[in-house]
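Here is a friendly walk through one model, with a helix pair, a sheet and a few backbone details to look at. Open it in your viewer and follow along.

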Amino acid sequence: MNSTGAAGVEGDGTLGAFSVDSTVPGAVPRGFDAFLREWETRIGDGFPQPTYSPATIADFRVKGRVAKVRDVAITDVHGVSAIRTAGNPGGVEDQVRMYVVRHGAWTLGGTRDRAEHTVPGGQFLLRHVGRPSHFETVPHTTARVLVLPAAMLKPLLGNRTMTGSADSAEVRLLVAHSNMVHATMAELSPAGVQAAHGSLIELVKAVALHRFDDTEPLLAPALAQAAKDLANGQLADPELSPPMLARQLNVSVRTLQRAFATTGESATAYIRHRRLEEARLALTTPSGRLSVSELAAHWQFADSSHFIRAFKKRYGQTPTEYARSTRPAGS
């Protein structure tokens, strides 16, 4: 059973985080207990856990991570096994929840005022929760679940259940920002906590309103990161460019450029540097190595000369020199 935790950096429960992996051999018998213990210790009473089915407790094969930023909780989960709640949920909840499902399916049980709803892979669901309800997942479901304060978001949602593509521009921005929260929590100052929390709320509002406030400076880092995530998956595409990224994120090129300005690097420079990095890694491949001209063509450089000049400027060696320097002695 692998489990790691992190205490709130402000010492007052503002932040909390832990990760869990009960998919490793021998972890299942105590995996569920470790998960609940870490949740109670790191996340707290404001985010109660439901009662899980005996089958879920007995076969809890889950890999995930959880982060709390004030009154927002972000849970990433990959369930190798199915997860199901049980019992008769009672009481009152006043929260907004968002489910972003990448693979598998997450089914939310019906209540007196809502029918059962299944969120399939590639979709999201956003709604206000007034009463606890059951849920279940199929095996190998990968999802991100956000629990958010109702006071700031319920006026936008009312009784609506919003659904849509997990690849929409607004959801991409939210996912990018929550990834940054996971990655930087240990270094966040009090001002950083405030900014991270405010950006989370504003980005969920963007999902609810189907539009991104491109004048909100807090959201620039999320926009730049979402553009980087998109670019990283399309580096070999000859059409990849700042205008293409701006279209996919539903913002203007100028807005995208302003977001990248906060990182100290333009979108064009980021694409070029990432392509050079991928080419550099390819040069260290022991077998099936591409030629310099093939690398230049694959990573969309105008020609071999342009690629060689750009590579030497960044790494201090030509591609051929770099490849030779990384070969094992005697090869």
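## A helix pair, a sheet and two loops

The axes of helix H4 (residues 169-184) and helix H5 (residues 190-209) come within 9 Å of each other and cross at roughly 160 degrees. Please keep in mind that this is a predicted model. Angles over 145 degrees count as roughly antiparallel, and H4 and H5 are therefore roughly antiparallel to each other. Their crossing is left-handed.

Which residues make up this contact? From H4 come Glu170, Val171, Leu173, Leu174, His177, Ser178 and Val181, and they meet Ala196, Ser199, Leu200, Leu203, Val204, Ala206 and Val207 of H5. Sorted by character, the residues of the H4 contact with H5 are ten nonpolar, three polar and one charged.

Now to the sheet. Four strands form an open sheet in the order E5-E10-E7-E8, and the pairing is antiparallel. Strand E5 (83-84) and strand E8 (117-120) are the edge strands, each pairing on one side only.

Strand E7 (residues 105-108) is a good place to look in detail. Four bridges join E7 to E8, and these two strands run antiparallel. Within that pairing, Thr107 has Thr118 of E8 as its bridge partner, while Leu108 stands opposite His117 of E8. E7 is also joined to strand E10 (residues 135-137), by three bridges and again in antiparallel fashion. Here Trp106 has Thr137 of E10 as its bridge partner.

Are the faces of E7 covered or open? Both are covered. On one side Ala105 and Thr107 are buried, and on the other side Trp106 and Leu108 are buried as well.

Finally, two loop residues deserve a look at their backbone angles. Phi of His140 is positive, in a residue other than glycine, and the same kind of description holds for Gln300, where phi is also positive in a residue other than glycine. His140 sits in the loop between E10 and strand E11 (141-149), so the E10 strand of the sheet leads up to this loop. Gln300 has its place in the loop between helix H10 (292-298) and helix H11 (304-315).

| Residue | Phi | Relative accessibility |
|---|---|---|
| His140 | near 65 degrees | 46% |
| Gln300 | near 65 degrees | 31% |

What do the accessibility values say about these two residues? With 46% relative accessibility, His140 counts as partly exposed. Gln300, with a relative accessible area of 31%, is partly exposed too.

Methods: Residues numbered from 1 in each chain as written. Predicted model: local features only at pLDDT ≥ 70, side-chain atom pairs only at ≥ 80, totals over all residues. Heavy atoms only, no water. Axes fitted to C-alpha atoms, helices over the stretch in contact; angles between N-to-C directions. Parallel < 35°, antiparallel > 145°, perpendicular 65-115°, else oblique. Left-handed = near helix turned anticlockwise from the far one by under 90°. Contact = heavy atoms within 4.5 Å. Nonpolar A, V, L, I, M, F, W, Y, C, P; charged D, E, K, R; others polar. Pairing = 2+ DSSP bridges. Buried < 20%, exposed > 50% of the residue type's maximum accessible area, 1.4 Å probe, protein only.
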